[in-house]
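Work through the exercises below with the model open. Each one sets a task and then solves it in steps.

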Amino acid sequence: MENREYGLGDIVELKKKHPCGSSEMFVIRAGMDFKLRCVGCSREFMIPRNKIEKNIKRIVRNDNE
């Protein structure tokens with residue numbers, strides 16, 4: 001299993017879609033819990049790190065690049 005680094009401002013694509021239909025999320029906070037904002041509807045939610053790391057498909061845009 002690869003160890004990825006996620007930072008503030010990254011946009012990640014999840015395997016499952018949000019109820020609004022968007023699968024891209026904006027990372028607001030990264031730590032033991034992730035705080036994400038849906039790109040489609042701007043709803044914010046928190047999810048544990050171990051759960052989100054299983055559900056991330058890819059990093060769409062990395063803020064460091």
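The model is predicted.

**Exercise 1. Place Val60 in the fold and describe its surroundings.**

Solution.
- Step 1: Start with the secondary structure. Val60 sits in strand β5, which covers residues 56–61.
- Step 2: Check its exposure. The relative accessible area of Val60 is 33%. Buried would need under 20% and exposed over 50%, so Val60 is partly exposed.
- Step 3: List the contacts, leaving aside neighbours within four places in sequence. Val60 touches Ile11, Val12, Glu13 and Glu24.
- Step 4: Take one distance across the chain. Leu8 is 52 residues away from Val60 in sequence, and their C-alpha atoms are 13 Å apart.

**Exercise 2. Find the aromatic pairs and classify their geometry.**

Solution.
- Step 1: Search the whole structure. The result is 1 aromatic pair.
- Step 2: Name the partners and read the geometry. Tyr6 pairs with Phe34, at 5.8 Å centre to centre and with 75° between the planes. Planes over 60 degrees apart count as edge-to-face, so the Tyr6 and Phe34 pair is edge-to-face.
- Step 3: Locate both rings. Tyr6 belongs to the segment before β1, while Phe34 is in strand β3 (residues 33–38). The pair links distant parts of the chain, with the two positions 28 residues apart.
- Step 4: Check burial. Tyr6 has 10% relative accessibility and counts as buried. Phe34 is buried too, with a relative accessible area of 1%.

**Exercise 3. Explain why Cys20 and Cys38 are too far apart for a bond.**

Solution.
- Step 1: Count the disulfides. A search of the whole structure finds 0.
- Step 2: Take the sulfur distance. For Cys20, the closest cysteine sulfur is in Cys38, at 3.4 Å. The reverse also holds: for Cys38, the closest cysteine sulfur is in Cys20.
- Step 3: Apply the cut-off. A disulfide needs sulfur atoms within 2.5 Å, so 3.4 Å is too far for a bond.
- Step 4: Add the exposure of each residue. Cys20 is partly exposed, at 40% relative accessible area. Cys38 is buried, at 2%.

**Exercise 4. Describe two residues of the loop between β1 and β2: His18 and Pro19.**

Solution.
- Step 1: Fix the loop. Pro19 lies between β1 (11–14) and β2 (24–30). His18 is placed in the loop between β1 and β2 as well.
- Step 2: Assign exposure. His18 has a relative accessible area of 16%, so it is buried. Pro19 reaches 81% relative accessibility, so it counts as exposed.
- Step 3: Look at the contacts of His18 beyond four places in sequence. They are Met25, Cys38, Cys41, Arg43 and Phe45.
- Step 4: Take a distance from Pro19. Gly40 is 21 residues away in sequence, and the C-alpha atoms are 9.8 Å apart.

**Exercise 5. Characterise the largest pocket and its lining.**

Solution.
- Step 1: State the volume. The largest pocket holds about 210 Å³ of space.
- Step 2: Identify the lining. It consists of Leu14, Lys16, Lys17, His18, Pro19, Met25, Phe45, Ile47, Lys51, Ile52 and Asn55. Both loop residues of Exercise 4, His18 and Pro19, are therefore in this list.
- Step 3: Assign the contributors. β4 (44–48) and α1 (49–55) each supply at least two lining residues. α1 gives the most, with 3 residues.
- Step 4: Sort the lining by class. There are 6 nonpolar, 2 polar and 3 charged residues.

Key. Residues numbered from 1 in each chain as written. Predicted model: local features only at pLDDT ≥ 70, side-chain atom pairs only at ≥ 80, totals over all residues. Heavy atoms only, no water. Helix = DSSP H or I, 4+ residues; strand = E, 2+ residues; numbered from the N terminus. Buried < 20%, exposed > 50% of the residue type's maximum accessible area, 1.4 Å probe, protein only. Contact = heavy atoms within 4.5 Å. Phe/Tyr/Trp six-rings, centres within 6.5 Å; stacked < 30°, edge-to-face > 60°. 1 Å grid on protein atoms, 1.4 Å probe; cavity = no way out; pocket = protein on both sides within 12 Å on 5 of 7 lines; lining within 4 Å. Points joined across faces, edges and corners; volume = space filled by probe spheres on them. Nonpolar A, V, L, I, M, F, W, Y, C, P; charged D, E, K, R; others polar.
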